[in-house]
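Colleague: Could you take one part of this model and go through it slowly with me? I'd like to see how it is put together, with the terms explained as you go.

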Amino acid sequence: MRRCGADRLPTGYPSPLVEPPTGPLVLVSAVIVNWNAREQLLRCLASLRRESRPGELEVVVVDNCSSDGSVDAVRAAAPWARVIANEANRGLPAANNQGIAATTGSYVLISNPDVEYMPGAIGALRDVLERHPRAAFAVPQLVQDGTRQTSAGSLPSLHETVLGGLSARRGTSSTEGYWWHEWPHDEERPIGHGAEAAYLVRRTAIEQVGLQDQRYALDWEGIDWSSRMTDAGWEIWFVPQAVVEHAGGASIKQAQTRWVLLSNRGMYMYFADRRPAWQRPLLAALFAARACVKIGVIKLGVRIYDRAE
């Protein structure tokens with residue numbers, strides 16, 4: 001069993017994109033950050049292998065000090081994938097940034113380990129980025145056991161964020177609100193943000209806007225990235241033709257209390273960065289109270305993992 005170092009939260013804003021390693025250039029690079037999701041990760045890698053021919057796709061797995069044998073399993077089952085084995089859990093955005101910096105593709109597929117790519121998914125995402133020159137992200141349709149998952153929404157308001165699932169707008173096809181639950185997800189179109197289980201990113205957009213903000217550690221780094229891309233004039237596109245099977249919460253379910261704390265910390269940072277300084281103590285108190293309520297619900301044995309939360 002691997003022994004991990006101290007689990008410290010990274011600090012600071014994203015550093016400039018470093019020069020990628022020398023070697024053959026590819027069109028698409030996949031970056032998968034893993035923490036104790038070995039079986040899901042192996043299925044994800046198998047689906048990527050089916051989706052590509054040799055030389056078309058490079059894959060980098062960044063392991064955040066898993067203790068379930070993930071690193072050895074990947075090296076044995078998928079020797080064509082490069083593994084970066086961290087000696088400590090660096091957090092999700094820091095590990096994503098490691099993977100991005102280690103790749104060469106014009107497009108970078110940011111992927112959870114608990115997804116499987118259906119035939120044609122990556123090609124459909126790439127096609128949208130090629131047809132829309134201001135598209136920074138291409139977001140697929142997520143499904144779970146054949147049922148559509150909400151995968152698109154608007155950038156969040158403070159009110160919607162605090163209330164979470166209580167603010168969900170249901171019974172309408174309106175494309176408004178944090179998540180567009182009743183939208184049929186049948187139209188290729190710009191959106192405010194998408195589900196972050198998998199999405200394809202244009203490298204030139206990363207070079208302009210910067211890497212993910214490592215202060216977020218876990219959750220809300222994608223919302224922040226989407227907002228920064230939008231502010232810089234880039235677009236986020238939803239791609240219904242790209243279908244990805246998503247198990248959901250493979251790592252989060254193993255540490256729900258930690259996820260609640262870091263998620264609410266991310267919410268605070270997102271709004272604190274975008275509001276006057278005098279509001280920050282109020283925001284801190286608000287999200288601390290929200291986290292306490294969520295943790296109390298967990299202690300009662302209620303399952304709370306829900307992207308609308």
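**A close look at two helices**

Modeller: Let's take helix α8 (residues 256-272) and helix α9 (residues 280-299), whose axes come within 9 Å and cross at roughly 160 degrees. That angle makes α8 roughly antiparallel to α9 (under 35 degrees is roughly parallel, over 145 roughly antiparallel, 65 to 115 roughly perpendicular and the rest oblique). An axis here is a line fitted to C-alpha atoms, for helices over the stretch in contact, and angles run from 0 to 180 degrees between N-to-C directions. Before going on: this is a predicted model, so local features need pLDDT of at least 70 and side-chain atom pairs count only at pLDDT 80 or more, while totals for chains, interfaces and linings use all residues. Residues are numbered from 1 along each chain as its sequence is written, and side-chain values use heavy atoms, leaving out hydrogens and water.

Back to our pair: α8 and α9 cross in a right-handed way, with the near helix turned clockwise from the far one by less than a right angle (anticlockwise would be left-handed). On the α8 side, the residues in contact include Val260, Leu261, Met267, Tyr268 and Phe271. From α9, Leu283, Phe287, Ile295 and Ile298 are among those taking part. Contact means heavy atoms within 4.5 Å. Sorted by class, this contact has 12 nonpolar, three polar and four charged residues (Ala, Val, Leu, Ile, Met, Phe, Trp, Tyr, Cys and Pro count as nonpolar, Asp, Glu, Lys and Arg as charged, and the others, Gly among them, as polar).

For contrast, try helix α1 (residues 38-50) and helix α2 (residues 70-77): their axes come within 10 Å and cross at roughly 25 degrees. That makes α1 roughly parallel to α2. Their crossing is right-handed. Here Arg38, Leu41, Leu42 and Leu45 of α1 meet Ser70, Ala73, Val74 and Ala77 of α2. Those residues divide into six nonpolar, one polar and one charged.

Now zoom out. The chain holds nine helices and 12 strands; these are DSSP runs numbered from the N terminus, with helices being H or I of at least four residues and strands E of at least two. Of its 309 residues, 53% are buried, meaning under 20% relative accessible area (exposed is over 50%, partly exposed in between, with a 1.4 Å probe and protein chains only). Among contacts between residues at least 6 apart in sequence, 79% join residues at least 24 apart.
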